[in-house]
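Me: I'm new to reading protein models, so could we go through this one together, slowly and in plain words?

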Amino acid sequence: MPVEDAFPPFEPDGPIDGQHGRVMRKPSRLREVPIRFIIPNIFTVLAICAGLSAVRMALEDRFELAIGLILVSALLDGLDGRVARLMKGSSKFGAELDSLADAINFGVVPSIVLYIHVLDEARQFGWIAALIFTIACVLRLARFNVMSGDRDRPVWQQDFFIGVPAPAGAALVLLPVYLSFLGVTPHWITASVVSIYVIAIGLLMVSSLPVWSAKSFGSGVRRTAVMPLLLSVVFYVAMIANFTWTTVTVSAFAYIAFLPYSVSRYRKAQRANAVTDGDEPKPE
């Protein structure tokens, strides 16, 4: 596929080639890619650089910086899509690049960092766990890409992810590293337990577990909730800055505890929509 085909809004029109059934494109400045298409991809590439740099930091036993770079890559991953939507710079190329970046940053990189840090103590079992997590992340991303184009999916189900999202899975699987920063010393017994935990997180990613995405909150906030929301954000950022690993560890446990609530919310929405569908008048 030609490079310009990745940006369909800017394909110049031209006469149809009857022999090949293709649009004959005229040489034109329209083939130049607008800068608003490039900027979101810059964020994605920077996210990949941060993720791969985390592997180097892990090889140099600088694990705190490695985890910090992984978190930075997750932040950049969240920004690229939002920047693309704000600038109206979404493209097929950007979507494919973002998916590949997620596979690297949230599948490959956490597995390697974990293996260097603790899983190597479990020998072959630790490597198998790292492989399973990476493959699970790739499968989860492939399933997400397929389901995102499913127009037959009910609207209410779009408020839920199917399986733990890749960024959340990467943050959860690094929990043993957070704990080590708090004084838990890894050894072969701990490594075996960590290996089981890594496999469990991988299975959660490819499972059919419904995880609430909070998209139904919308873009508006009640006036009475603005001040508490701002104070909560300030408090959380202050905790991250002063008690980084304690706050990240508590956040990971809080997300795990949040999963049963997601299932309960999904079942409630399922029952509500089943009743609604049942109340519709039948055609005569």
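Me: What classes of residue make up the lining of the second largest pocket?
Reply: This is a predicted model, and in it the lining of the second largest pocket has nine nonpolar residues, two polar ones and no charged ones.

Me: And which of the lining residues lie nearest the centre of that pocket?
Reply: The lining is made of 11 residues, and those nearest the centre are Leu175, Pro176, Leu179, Thr190 and Val194. The elements that give two or more residues to this lining are helix H6, covering 175–181, and helix H7, covering 188–206. The largest share comes from H7, which supplies four residues.

Me: What volume does that pocket have?
Reply: The volume of the second largest pocket is about 160 Å³. As for how one finds such a space at all, rolling a probe the size of a water molecule over the atoms shows where empty space is left.

Me: Zooming out now, how many helices and strands are there in the chain?
Reply: The protein chain has nine helices and four strands, and when you read along the sequence they come in the pattern β-β-α-α-α-α-β-α-α-α-β-α-α.

Me: How much of the chain is buried?
Reply: Of the 284 residues in the protein chain, 36% are buried. The accessible surface of the chain comes to about 17,400 Å², and 65% of that surface belongs to carbon and sulfur atoms.

Me: What about contacts between residues that are far apart in sequence?
Reply: If you take the contacts between residues at least 6 apart in sequence, 77% of them join residues that are at least 24 apart.

Me: Let's look at a helix, then. Why does the span of H4 agree with what its number of residues suggests?
Reply: Helix H4 covers residues 124–148, which is 25 residues, and at 1.5 Å a residue it should span 36 Å; because its end C-alpha atoms are 36 Å apart, the two values agree.

Me: Which residues of H4 are buried?
Reply: The buried residues in H4 are Gly126, Ala129, Ala130, Phe133, Thr134, Ala136, Cys137, Arg140 and Leu141.

Me: Where is Gly107, and what does it touch?
Reply: Gly107 is in helix H3, and, not counting residues up to four places away in sequence, it touches Asp102, Phe133, Thr134 and Cys137. The C-alpha atoms of Gly107 and Leu141 are separated by 9.8 Å, although these two residues are 34 residues apart along the chain.

Me: Is Gly107 buried or exposed?
Reply: Gly107 has a relative accessibility of 0%, so it counts as buried.

Me: How about Val108, what does that one touch?
Reply: Val108, also placed in helix H3, touches Ala103 and Thr134, again leaving out residues up to four places away in sequence. Its relative accessible area is 33%, so Val108 is partly exposed. Val108 and Val55 are 53 residues apart in sequence, while their C-alpha atoms are 9.5 Å apart in space.

Me: And Ile112, how far is its C-alpha atom from that of Ala130?
Reply: The C-alpha atoms of Ile112 and Ala130 are separated by 7.3 Å, with their positions 18 residues apart along the chain. Ile112 is found in helix H3, and with a relative accessible area of 29% it is partly exposed.

Me: Moving to H2, what is Ile67 in contact with?
Reply: Leaving aside neighbours within four places in sequence, Ile67 is in contact with Val113, Leu174, Val177, Tyr178, Phe181 and Trp245. Ile67 lies in helix H2 and has a relative accessible area of 0%, so it is buried.

Me: Last topic, the loops: what is the phi of Asp61?
Reply: Asp61 has a positive phi of about 60°, although it is not a glycine. For background, most residues other than glycine have a negative phi. Asp61 lies in the loop between helix H1, covering 35–59, and helix H2, covering 63–86.

Me: Why does Asp61 count as exposed?
Reply: The cut-off for exposed is over 50% relative accessible area, and Asp61 counts as exposed because its relative accessibility is 59%.

Me: And where is Arg123 found, and what is its phi?
Reply: Arg123 is found in the loop between helix H3, covering 92–117, and H4, and it has a positive phi of about 60° although it is not a glycine. Arg123 is exposed, with a relative accessible area of 60%.

Methods:
Residues numbered from 1 in each chain as written. Predicted model: local features only at pLDDT ≥ 70, side-chain atom pairs only at ≥ 80, totals over all residues. Heavy atoms only, no water. Buried < 20%, exposed > 50% of the residue type's maximum accessible area, 1.4 Å probe, protein only. Contact = heavy atoms within 4.5 Å. Areas by Shrake-Rupley, 256 points an atom, 1.4 Å probe, with all protein chains shown as cover. 1 Å grid on protein atoms, 1.4 Å probe; cavity = no way out; pocket = protein on both sides within 12 Å on 5 of 7 lines; lining within 4 Å. Points joined across faces, edges and corners; volume = space filled by probe spheres on them. Nonpolar A, V, L, I, M, F, W, Y, C, P; charged D, E, K, R; others polar. Expected span 1.5 Å × (residues − 1).
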